[in-house]
Amino acid sequence: METVAFWVLAVAAVGFGVAVFVVDSMARATFALLASFLCVGVELLLLDLDYLGVLVILMMIMEMLIMAVFMIMYMMNPGGLMPMTMVHNNRGALAISIGVFTALAAGIFLTPWPPRGGTVPADPTFSVGQAIMG
C-alpha cells in the first residue's frame, strides 16, 4: 500500500509541477506549486524521514501563504486570474537548459571519481548525526 501511495504521490507531484507552467494565472500556479511540494512532503513522510517531511510541508505552506499575500498586494490583477504565461523566450530558455544539461552530464562522465572507500553503515542517518554532532 505504501508503494502505491508513493507512486501516486510521485506522479501527482510531477503533474502539479508541470501545471505550474501550463496554467494561465499566477494564483493557479501558486496553488499548483503548493500541491506539488505537499506531495513531496508526504513522500518524505512515507520514507520515514519524519523531520524532513514535516519541515517541507510547513515551510512550503508558509512560503505559499507569503507569496499569495504579496501577489494580492502588488499585482495589478490581485486575484491573479488574468491569463498570462509563465514561460518567456522559449527558444533562449531551451538553448540554455540544453547547454547546462550537456555540461553537467559531461561533468558526470568526464570527472575521475575516486573509488568508494569503506562500507555503507547500517543506519546512514545516525552516522551523519554522529559525524556532525559527535
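Visitor: What makes V128 part of a helix, and which helix is that?
Guide: V128 is found in helix 5, residues 124-133. Helices here are DSSP runs of H or I with at least four residues (strands are runs of E with at least two), numbered from the N terminus. This is a predicted model, where local features need pLDDT of at least 70 and side-chain atom pairs need 80 or more, while totals for chains, interfaces and linings use all residues. Residues are numbered from 1 along each chain as its sequence is written, and side-chain values use heavy atoms, with hydrogens and water left out.

Visitor: Why is V128 called partly exposed?
Guide: Buried means under 20% relative accessible area, exposed means over 50%, and partly exposed is in between (1.4 Å probe, protein chains only). V128 has 48%, so partly exposed is the label. As for where V128 sits, its C-alpha is 35 Å from that of G99, with their positions 29 residues apart in sequence.

Visitor: On to the helix pairs. How do you know how helix 1 and helix 2 run relative to each other?
Guide: Two packed helices are described by the angle between their axes and the distance between the axes. Helix 1 (residues 2-22) and helix 2 (residues 26-46) pack at about 155°, with axes 8 Å apart. The axes are lines fitted to C-alpha atoms, for helices over the stretch in contact, and the angle runs from 0 to 180 degrees between N-to-C directions. Under 35 degrees is roughly parallel, over 145 roughly antiparallel, 65 to 115 roughly perpendicular, and the rest oblique. Helix 1 and helix 2 are therefore roughly antiparallel.

Visitor: And what is the hand of the crossing of helix 1 and helix 2?
Guide: Left-handed. That means the near helix is turned anticlockwise from the far one by less than a right angle; clockwise would be right-handed.

Visitor: Which residues does helix 1 bring to helix 2?
Guide: Contact means heavy atoms within 4.5 Å. Among the helix 1 residues that qualify are F6, L9, F16, G17 and V20, and the helix 2 side includes L33, C39, V40 and L46. The residues of this contact divide into 17 nonpolar, 2 polar and 2 charged. In that count, Ala, Val, Leu, Ile, Met, Phe, Trp, Tyr, Cys and Pro are nonpolar, Asp, Glu, Lys and Arg are charged, and the others, Gly among them, are polar.

Visitor: What about G17: why is it called partly exposed?
Guide: G17, in helix 1, comes out at 24% relative accessibility, so partly exposed is the label. G17 and I72 are 55 residues apart in sequence and 22 Å apart C-alpha to C-alpha.

Visitor: What makes helix 2 and helix 3 roughly antiparallel?
Guide: Their packing angle is about 170°, with the axes 7 Å apart. Set against the cut-off for antiparallel, that makes helix 2 roughly antiparallel to helix 3. The contact includes T30, L34, F37 and L38 of helix 2, and V56, M60, M64 and M67 of helix 3. Its residues divide into 18 nonpolar, 3 polar and 1 charged.

Visitor: Why is T30 called buried?
Guide: T30 has a relative accessible area of 2%, so it counts as buried. Leaving aside neighbours within four places in sequence, T30 is in contact with M64, M67 and M71.

Visitor: Are M60 and F37 buried or partly exposed?
Guide: One of each. M60, in helix 3, has 14% relative accessibility and so counts as buried. F37, in helix 2, has 29% and is therefore partly exposed. Not counting residues up to four places away in sequence, M60 touches L34 and F37, and F37 touches V56, M60 and M64.

Visitor: What is unusual to look at in D48's phi?
Guide: Phi of D48 is near 65°, a positive value in a residue other than glycine. D48 lies in the loop between helix 2 and helix 3 (50-74). At 63% relative accessibility, D48 counts as exposed.

Visitor: Last one: why is the F6 and W7 pair called edge-to-face?
Guide: Rings of Phe, Tyr and Trp (its six-membered ring) pair if their centres lie within 6.5 Å; planes under 30 degrees apart are stacked, over 60 edge-to-face, the rest tilted. F6 and W7 have 5.7 Å centre to centre and 90° between the planes, and form an edge-to-face pair. A search of the whole structure finds 1 aromatic pair. F6 is partly exposed at 24%, whereas W7 is exposed at 54%.
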